[in-house]
Amino acid sequence: MSESDTAESKAYDPKQVEGKWREYWLAKKIGKWDETASRAENFVIDTPPPTISGHLHMGHIYSYTQTDVIARFMRMAGKNVFYPMGWDDNGLPTERLVEKLRGIRAADMPREEFIRICHEVVNESEKDYRALFQGIGLSVDWDQEYQTIDENSRKLSQMSVLDLFQKGELYRQPQPTLWDVADQTALAQAEVAEKEMPGTMWQIPFMTDDGKEVVIATTRPELLGACAALMVSPKFSHLVGQKVTTPLYGVEVPVIADEKVDPEKGTGAVMCCTFGDVTDIEWWKTYKLPTRVIIDRLGRNTGMPEFGRDDWKSKNPAVSQETIEALRGLKVNAAKTKIVEVLRSKNLIRGEEAVQRMVPCAERSGAALEIIVTSQWLVRVLDKKDALIEQGRKIKWYPEYMRVRFEQWTENLKWDWVVSRQRYFGVPLPFWYSRRTGEEGKIIAADLSQLPVNPLVDSPKGYMREEVIPDTDVLDTWATSSITPQLSSRSITDKLYLDAKRHAKLYPAHLRPQAHEIIRTWAFYTILKSYLHEGTLPWETIALSGWCLAEDRTKMSKSKGTAIRPEDMLEENSADVIRYWTATSRLGLDTAFDRNIFKIGRKLQNKLWNAARFVNLQLQGVVPQFPTLATANAAVTAPLDRWISTRLTETIAAATEHFKSYDYADALRVTEEFFWKDFCDNYLELVKTRAYDETGSDSAGQASARTTLYFVLDAVLRLFAPVMPYLTEELYSILYADLWKKSGSIHARGQWPKTGDYISDPCSLIEGSNVVELLAAVRKAKSNANVSIKTESTRFVVIGINGLTVSAQRDLAAAAMTPLPEFSPVAVDEGLTTVAGEGKLIVQLALKQTEAA
């Protein structure tokens, strides 16, 4: 142990220290996974690959650091930790970033050129992401880095597609699709955000054959031309089975009763259009209604080219054609305005009122969605809801109540999973469609030996280029990120693999860390894929982080000025302090950005540094000749030394159990309580005189103190290491240089303190607790008397216990600056200052006369 390093370094310089250790960890590959170890030794983390869509925000730092704290503990606890980093660098979010940064539009340039530019941009962005994650101290194995668009990922994603296709779980057909008119692609249900928007509810009359009005209520009159039926509540039961005629278009539609029509909402009669919402689709399927498409992929009125067919004829062709021409080519909102104008001009509006309505919008683009018929690839989900809920119940959820979100989402699914996207930068769907005579339109799947395949460039085995039409769609990015466990194991099944031995070691994973808002996407899809591919779980445990909120507890927002750049925070604060802030928040809970927590973190950082310097000075270069404190049992004789060791053993046990259940916040809490209250506030004060004894009058007591200080500080540093890796590495390398050289790092595998390495003496807890209570009472007495804590006293009376060991009395008297205590069954009435302790004890002091503090 070296005195000079900490003795000369009066203040801790985190910037210099963190830069040094960051380079060391990367060079020495401290986080490297040992691929030769057995499956039983592994702890496999299914790290979330961040989306390459701009800059990382504080939420990334918040959640990824929490995962790293767990990873560091597991590694120190002896596990062979597999902790990869991937980049989710394809799909709509990345395309939008590229278009924004380069000022281009994918639709305006050759597809391959746009894809080439996308690769350039994501590689640049990933450098920035990587630097930030390394700066915050993530102990990732950077040799296990991947992209969701790299060759292996494309190959494995296409393997997944082919496996599902062969099993009949992936199918293609034309059907109503959630369509984003802004990004020109189909979306899955999980990518929809419901937004409340102002609207108008219009009441519009339909006519019966005998000339009576049936007034319907609608917020979407622009869909009148697509009306396929009139759906009514029981109060219109007399009309059921009849037909009514739509206004302006003059089309007869059936009247159908359905319990989904709310008699208290609007007029109790609504139109079923193809398609205004999900309920329209359900009615369309249930009652086998005709499909009447009037909105195209750009969100414009089509001009209804199929109008006039046998099941879509007008009783008044002249008026209907006039309406069709008035709306032709108009976008939805303009068409709504126009048709209301036409209805009003013909006195066909019976009422209107302002309403607030929920509008399904694209989560990414924010555009209101339309439902149009397109041909898409879908994964079967709806017939597996019960099975998926059962799979979810086999997983350990932290916190447990988050499982309810998964189950509710699964129960309420109304669509199979649309996995095809009409975009550019993604994993191509490995299919072609035959042009050969007699098999026109036949789906041709790629051969496994061709993967990864690009149907726009390659041809299927056995076919010439001119004999096929390539599928131009790409996979939804969730279809790739939903196999992140398999991307790490490099296999889809025991028959579809790149590395079967690796798959056996890494799959299923032990832990999936992720944010709670993507339970419906990433968690759900990953559970689904693992179930469909191998009938297994993707991981044993899922740990869900909350959101990082602004200081006013609202979502961080650039426009409101409440967003905080992680780079700025790392410039203002040490990485350890930021990590401390993240580790104080619990799984599943949203946490506001709180600068006060940063202050507490800096205080802890400085206290650790100063406490280490203090202990180093007390030890004066002496290294105990024992491998552990437990083996020094005979040498550690002083009751207070045995007390602090026992408290340390309790703390290690508690912190370990908290970490095992991923409760890093409580692991930190119990460690802090021990460090601040037991070690710093009490033990260091109580033992310093005996440890520093220059007289040699108590050599056994001095050796006991120094041995205890040496081992307890060592354990304290290791307990704090997962949260404050930089500071603890610095102190450990200086104060415990020989041990550090052997392990290579305080963060090395097996470095977590074990309870069996420390003295556990339950009897010492009673005496130690009594001494701590008495010291606190003395301090309180001096505070009440408004004198300095260093003020000596001429008498010290203790009421409530019969006595203490001589060693404990001496330590107490030295720390309290009192004579040795007298023990009395009752208080002595001699004008002494009297103070009750926090427990059963009372102290009385005769303070020396001195100036007030």
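Residues are classed by relative accessible area as buried (under 20%), exposed (over 50%) or partly exposed (in between), with a 1.4 Å probe and protein chains only. By this scheme A354, at a relative accessible area of 72%, is exposed. A354 belongs to strand β13 (residues 351–362), where helices (H or I, at least four residues) and strands (E, at least two) are DSSP runs numbered from the N terminus. In sequence A354 and G199 are separated by 155 residues, whereas their C-alpha atoms lie 5.9 Å apart in space.

The model is predicted: local features need pLDDT of at least 70 and side-chain atom pairs count only at pLDDT 80 or more, while totals for chains, interfaces and linings use all residues. Residues are numbered from 1 along each chain as its sequence is written, and side-chain values use heavy atoms, with hydrogens and water left out.

Nonpolar cores were defined as sets of buried Ala, Val, Leu, Ile, Met, Phe, Trp, Tyr and Cys residues joined through side-chain atoms within 4.5 Å. The largest nonpolar core holds 173 residues, of which W397, W417, F524, F675, F679 and L709 touch the most other members. Helix α20 (residues 664–691) supplies the largest share of this core, with 13 residues. Contact denotes heavy atoms within 4.5 Å. When residues up to four places away in sequence are not counted, W397 touches G392, M402, R403, F406, I519, I527, I542 and L544. A second core, separate from the largest one, comprises 37 residues and includes F236, I324, L327 and L343.

Two of these residues, I324 and L327, recur in helix α8 (residues 317–327), where they are buried along with S320 and T323. Viewed down the α8 axis, the buried residues fall within an arc of 100 degrees and therefore line one face of the helix, the arc being that of the directions from the helix axis to the C-beta atoms. These buried residues of α8 pack against α9 (332–345). Just after α8, G329 adopts a positive phi of about 80 degrees.

Two packed helices are described by the angle between their axes and the distance between the axes. Helix α4 (residues 92–102) packs with α5 at an angle of about 90 degrees, and their axes are 10 Å apart. Axes are lines fitted to C-alpha atoms, for helices over the stretch in contact, and angles run from 0 to 180 degrees between N-to-C directions. Angles under 35 degrees count as roughly parallel, over 145 as roughly antiparallel, 65 to 115 as roughly perpendicular and the rest as oblique; α4 and α5 are therefore roughly perpendicular to each other. On the α4 side the contact is made by T94, E95, L97, V98, E99, L101 and R102, and on the α5 side by F114, I117, C118, E120, V121, V122, E124 and S125.

Side chains of opposite charge can pair when their charged atoms come close. With a salt bridge taken as a side-chain nitrogen of Lys or Arg within 4 Å of a carboxyl oxygen of Asp or Glu, the count is 61. D143 and K32 form one such bridge, with an N to O distance of 3.0 Å. This pair links distant parts of the chain, 111 residues apart: D143 is in the loop between α5 (111–135) and β4 (145–147), and K32 in the loop between α2 (14–28) and β1 (42–44). D143 is partly exposed at 38% relative accessibility, as is K32 at 42%. K414 and E282 form a salt bridge at 4.0 Å, N to O. K414 lies in the loop between α11 (402–411) and β16 (417–418) and E282 in helix α7 (residues 278–286), so the pair ties together parts that are 132 residues apart in sequence. The side chains of E822 and R795 meet at 2.9 Å, N to O, in a further salt bridge. E822 is in strand β27 (residues 822–824) and R795 in strand β26 (residues 793–799), so this bridge ties together parts 27 residues apart in sequence. Salt bridges with shared partners also join R102, E113, R116, E120 and E124 into one network.

Most residues other than glycine have a negative phi, and most peptide bonds are trans. The peptide bond from Y398 to P399 is cis, with omega near -5 degrees, and P399 is located in the loop between β15 (396–398) and α11. The bond from Y507 to P508 is cis, with omega near -5 degrees. L248, although not a glycine, has a positive phi of about 70 degrees; at 6% relative accessibility, L248 is buried. N786, also not a glycine, has a positive phi of about 60 degrees, and counts as partly exposed at 44% relative accessibility.
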